[in-house]
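Reader: I am new to this structure and would like a close look at a single part of it. Please start from one residue, explain how its neighbourhood is held together, and then place that part in the wider picture.

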Amino acid sequence: MKKSNRLSLLIFLFLIIAIFYPLLIMLIKVEWSTFPELLASDGFKSAFNNSLLVTSIATILSVGIAYLLAYTLNRTQIEHRAILKVFLTLPMLIPSISHGLGLINLFGANGIISSYFGFDIIGEPGIILGSILYSFPVAFLMLDDGFNYIDNTMYDSAKVLGMNKWETFKNVTMCYMKKPLLSSIFAVFTLIFTDYGVPLAVGGKFITLPVFLYKEVIGLLDFSRGTMIGLFLLIPAFISFLFDNFSKDYSFGEFSKDFKITKNKTRDAVLTIFIYLIITFIFLIIGSFIFYAFIDNVTLNRVFSLKHFEYVLSNNLGMYVFNSVLIAVLVSIIGTIIAYATAYYTARIKGNISKIAHILTIVSLAIPGIVLGLSYTITFHNSFIYNTYLILIIVNIVHFIASPYLMAYNALQKVNPNYEVVAKTCHIKPLRIIFDVIIPCTKKTIREMFAYFFVNSMITISAVAFLFNTKTMPLSLMINQYEGNLMLGEAAIVSLVILAFNIIVKGSVYLINRKEHRRMMYANNI
């Protein structure tokens, strides 16, 4: 058997066993006779309607905010764009439940701010605000990238044709931004609809569908009922997957990247204030963690104290940090290898099997973490890997593989396609070309893949919520426990620890990429 065929077989087997086998077993074990009863239950109806309500509102607001932020960085004369972009993506470095926790710290019944004004955002307002905070960076990055692929020469054509600003926006900007905008809407809707971190922390008695599923499985151990609820969480994700892969995109090719920004002091001032208000709010959330971590008791005794640190340290913090870092590092290394090998096969070894492998890999985008975790629980509950590091590593790889795979796939398609042909002609082993030529050409992408796996493995809660025991529990799940016991100072400390590790990894990758870019620029100028 040829090496390429062996590689395709291994990739195919991994994707089938790790993604589709658990989902199939989950569906087989469902007691479908109880499905009508579930649909008729008041709890399900209420949770489903609640999810639709808060998700719809939060999606509209989140994407609207993201578009204004992306527009500000790309179409105004604002300064310090690079650092502002970093600040705007900080919410992606902490678990979704931490956003809910931050809102409780600020605007809960005894919050830092709400205690002075006598209001409480627990319930619908809290879920909507937390969901916006959690999701807008995703939409922002998609829309910010979309602005880079607008053919800016079309604006000159519009001016020659006498189009006004509205006509230019409608016929030029939206022509290219239509798919990124719709993609961000679907992505954000799916993200919010399937998230249970924010609603669990700040929802109160307002129950959403993921929280309803979580309580059915964890509280009642009803896996069959949980599976049926999980199927409803698959619907928006599957629609989003179909749209993203089959809708037409006008932003192709290499376009002129230089956009002449017209002077408009009023526009720039308003949007600059807007972007700094958003960043201020992000830092207020992070600042609330620091405040709660070092204050004895927010309601009764606002004095400096280290008692929360002492409690967390005495409660095996080191072990949970070790668990999370170990899992994140192994997921990053193994996941990057698998994603890169799969992308190499699908991007550079053409054939029907490679097309199937491509589809199988990106299908994982349509599986919410809580559904994936539930399927692994049902499938492997009595196996030797259940409650071990191994199952936590595998589920994280499967949960997050699609995005790093697409990074590698796009990068490998840009590498000269004739390298393998030349190697074969010169009798050079394929592995030598891969390690000596292709991997060095895509080093930046590989580092970004590693960072993506690491950050998301550190912050995930939904995918691993059913798969751990006391010895393998990741750090992020400590936030659930502390928040549930109203130990907000301890939960804040855990959030800050996760944020610190993610900043270190993301910052290291950024600095390495920047140093390499400068070295290349220097070499080109010699």
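## A salt-bridge network and its surroundings

Author: R519 is partly exposed, with a relative accessible area of 48%. The model is predicted, so every value here is computed from its atoms.

R519 makes a salt bridge to E516, and the closest N and O atoms of this pair are 4.0 Å apart. The two residues sit three places from each other in helix α24, so about one helical turn separates them. In an α-helix there are 3.6 residues to a turn, so residues three or four places apart point the same way. The link does not end with this pair: salt bridges with shared partners join K443, R447, E516 and R519 into one network.

E516 has a further partner in R447, where the closest N and O atoms are 3.1 Å apart. This bridge links distant parts of the chain, since R447 belongs to helix α22 (residues 443–459), E516 belongs to helix α24 (residues 488–525), and their positions lie 69 residues apart. Are R447 and E516 buried or exposed? R447 counts as buried because its relative accessibility is 18%, and the cut-off for burial is under 20%. E516 is also buried, at a relative accessible area of 14%. R519, by contrast, is partly exposed at 48%.

This network does not account for the whole set, as the structure holds eight salt bridges. Another of them pairs D296 with K307, whose closest N and O atoms are 3.2 Å apart. D296 lies in strand β1 (residues 295–297) and K307 in helix α14 (residues 307–314), so this bridge ties together parts that are 11 residues apart in sequence. D296, at 19% relative accessibility, counts as buried, while K307 is partly exposed at 37%.

Helix α24 can be set beside the nonpolar part of the structure through L475. L475, L88 and Y376 touch the most other members of the largest nonpolar core, a set of 153 residues. Helix α15 (residues 317–348) gives the most to this core, with 12 residues. Leaving aside neighbours within four places in sequence, L475 is in contact with L317, Y320, V321 and S324, and also with V494, V497 and I498. In soluble globular proteins, nonpolar side chains tend to be buried together.

Rings also bring separate parts of the chain together. A search of the whole structure finds 17 aromatic pairs. In one of them, F48 and F232 meet edge-to-face, with 5.9 Å from centre to centre and 70° between the planes. F48 is in helix α3 and F232 in helix α12 (residues 223–246), so the pair links places 184 residues apart. F48 is partly exposed at 23% relative accessible area, whereas F232 is buried at 16%. Another edge-to-face pair is formed by F87 and F283, with 5.2 Å between centres and 85° between planes. Because F87 lies in helix α4 and F283 in helix α13 (residues 265–294), this pair ties together parts 196 residues apart in sequence. Both rings are partly exposed: F87 has 26% relative accessibility and F283 has 36%. F48 and F232 also belong to a cluster in which ring pairs link W32, F35, F44, F48, F189, F193 and F232.

The loop between α3 (42–75) and α4 (81–88) holds T76. T76 counts as buried, with 0% relative accessibility. A polar atom of the T76 side chain lies 2.4 Å from the backbone oxygen of T72. With neighbours within four places in sequence left aside, T76 is in contact with Y71, R81, I261, R267, D268 and L271.

A last helix serves for reference. Helix α19 (residues 402–414) has 13 residues and reaches 19 Å from its first C-alpha to its last, which is close to the 18 Å expected at 1.5 Å a residue. Its buried residues are A402, P404, Y405, A408, Y409, A411 and L412.

To return to the part you asked about, R519 and E516 are joined within one helix, and R447 connects helix α22 to E516 in helix α24.

How values were computed. Residues numbered from 1 in each chain as written. Predicted model: local features only at pLDDT ≥ 70, side-chain atom pairs only at ≥ 80, totals over all residues. Heavy atoms only, no water. Salt bridge = Lys/Arg side-chain N within 4 Å of Asp/Glu carboxyl O. Helix = DSSP H or I, 4+ residues; strand = E, 2+ residues; numbered from the N terminus. Buried < 20%, exposed > 50% of the residue type's maximum accessible area, 1.4 Å probe, protein only. Polar contact = N/O pair within 3.5 Å; in protein donor to acceptor, adjacent residues only side chain to side chain. Contact = heavy atoms within 4.5 Å. Expected span 1.5 Å × (residues − 1). Phe/Tyr/Trp six-rings, centres within 6.5 Å; stacked < 30°, edge-to-face > 60°. Core = buried A, V, L, I, M, F, W, Y, C linked by side-chain atoms within 4.5 Å.
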